[in-house]
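Here are a few notes on the charged side chains of this model, set out as numbered points. Please read them with the structure open beside you.

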Amino acid sequence: MPSFPHPESVTICEINRDLITAETLSDDQAKEAYGKALGITFSPIQFQSDYLVNADDDDTGVRSKTVLQSILSGSLESLLRPNSAKLLPEVDFHGISWHQHKRIIAFTSGSDQVTVCDYDDSEGKEMCFLISESQRSVKALEWRPNGGRTLSVACRGGICVWSASYPGNAAPVRSGITAGTISGSSGIRWTLVDFLRGHADEQVTALSWSPDGRYLASASYESSSFTIWDVAQGLGTPIRRGLGGISILKWSPTGDYFFAAKLDGTFYLWETSTWTSELWSSTSGLVTGASWDPDGHMVLIAFSGSSTLGSIHFASKPPSLDAHLLPIELQEIQSLTLSQGIEKIEWDASGERLALSYKVGEKLYEGLIAIYDVRRTPLISASLVGFIRGPGSAAVCVLEQWLLLHLSPYISLAISTLNSDFQVRLLTIFLHPFKNCDYVLYVYVSMIKVGLITGRCSCQLL
């Protein structure tokens with residue numbers, strides 16, 4: 001039986017398909033549940049909408065603060081509830097991004113502001129606030145693969161590119177860019193190194209890096225074209241197909257394919273050797289989410305008007321666009337939650353865990369996130385592990401991003417004391433409202449023993 005959290009409980013973590021819950025979330029309970037094995041706990045980060053950055057802070061473009069509970073400037077309503085077009089509330093903006101190889105998280109913390117939190121910082125989880133005159137109306141952000149600590153930020157008029165510098169190794173700044181920097185507690189300096197200027201004052205709303213980090217794709221719901229940027233050269237090539245604004249861009253993990261969804265319900269599959277495409281259309285509403293499998297052989301798609309997912313399987317090797325769309329029935333979403341549509345999906349990098357949020361149906365399941373165990377051979381099948389509940393019984397969850405945790409040596413050593421090898425992944429969720437706060441950034445920890453065979457799951461109360 002899939003686990004269901006008690007209405008007054010909070011889900012702390014998952015260990016081998018067992019969802020661990022408690023009456024309240026505290027660092028002591030998190031430490032007992034998973035912290036001893038990982039050597040770290042992830043405390044919820046609370047956001048106050050009326051929090052203001054001190055006026056006497058320097059105006060160099062980056063502002064730093066070490067108080068964990070006070071990191072929001074402005075409101076996230078423009079990110080989570082866009083209203084400039086009829087369909088925008090269903091668009092999947094990515095306002096948060098985990099670094100692929102470090103426990104560093106970046107997220108939108110105001111209309112024009114991005115916050116970077118380094119959980120590996122030995123001097124106390126330092127918060128850096130990235131602010132620039134060029135960075136207006138932030139809608140998405142994504143770390144650059146194989147690019148050290150380089151972060152791209154989608155905003156009005158273009159893309160801000162931030163990079164971390166180290167003592168004796170300053171990040172190069174493109175000519176003409178006004179760079180703002182500040183030193184962190186670990187000697188890191190965040191610098192605005194480039195601004196990729198888009199068409200006119202168009203609002204950039206979607207980003208996707210090629211897996212090698214050389215190219216960056218960007219798009220806007222205001223335009224029917226997307227742009228492929230050669231970031232090293234600072235040059236962009238626009239590509240246009242069809243009508244209607246673009247809502248989602250996803251580069252495949254191998255770089256051979258590219259996915260683009262539009263607000264009119266159509267979506268395109270591209271092969272990237274010659275940039276040819278195939279048009280697909282949906283009768284189940286617009287695409288609300290898309291995720292590639294780790295091998296780049298299939299892409300999972302969610303639709304606004306259906307609780308059934310679609311799985312596109314390629315029949316031949318790249319650059320062939322011969323593919324088939326197969327349904328993936330999620331019977332529990334319809335039978336238990338009475339929901340008729342998926343709001344967002346997040347598939348982790350191992351391909352074994354799928355998280356999804358859904359349109360509210362049955363009130364008992366309101367504000368929960370469904371977690372699925374996924375198998376990919378020969379075709380995709382999904383088994384419901386259970387539902388997770390964040391802190392705050394009235395909170396509405398806004399699903400964000402998985403991180404497949406790359407374990408440092410001391411963490412690997414700690415886990416080895418459990419006489420088993422674990423795969424660790426983190427899932428970030430925005431909660432709104434939360435008591436006297438506007439938002440909470442909540443991290444759900446999943447620890448799965450490598451090679452674990454799917455079986456029954458349970459819900460345990462600490």
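1. In this predicted model, the side chains of Asp373 and Arg353 meet in a salt bridge, with 2.5 Å from N to O. The two residues belong to distant parts of the chain, Asp373 lying in strand β27 and Arg353 in strand β26 (residues 353–358), with their positions 20 residues apart in numbering. Both Asp373 and Arg353 are buried.

2. Asp373 also forms a salt bridge with Arg17, where the closest N and O atoms are 3.9 Å apart; this pair counts because the cut-off for such a contact is within 4 Å. Here too distant parts of the chain are linked, since Asp373 sits in strand β27 (residues 369–375) while Arg17 sits in the loop between β1 (10–15) and β2 (18–22), 356 residues apart. Asp373 and Arg17 are both buried.

3. A further salt bridge joins Asp373 to Arg375, the closest N and O atoms being 2.8 Å apart. Are the two partners buried or partly exposed? Asp373 has a relative accessible area of 5% and is therefore buried, whereas Arg375, with a relative accessible area of 28%, is partly exposed.

4. Through salt bridges that share partners, Glu14, Arg17, Arg353, Asp373 and Arg375 are joined into one network. For the model as a whole, the count comes to 15 salt bridges, among them the pairs of Asp373 with Arg353, with Arg17 and with Arg375.

Terms used:
Residues numbered from 1 in each chain as written. Predicted model: local features only at pLDDT ≥ 70, side-chain atom pairs only at ≥ 80, totals over all residues. Heavy atoms only, no water. Helix = DSSP H or I, 4+ residues; strand = E, 2+ residues; numbered from the N terminus. Buried < 20%, exposed > 50% of the residue type's maximum accessible area, 1.4 Å probe, protein only.
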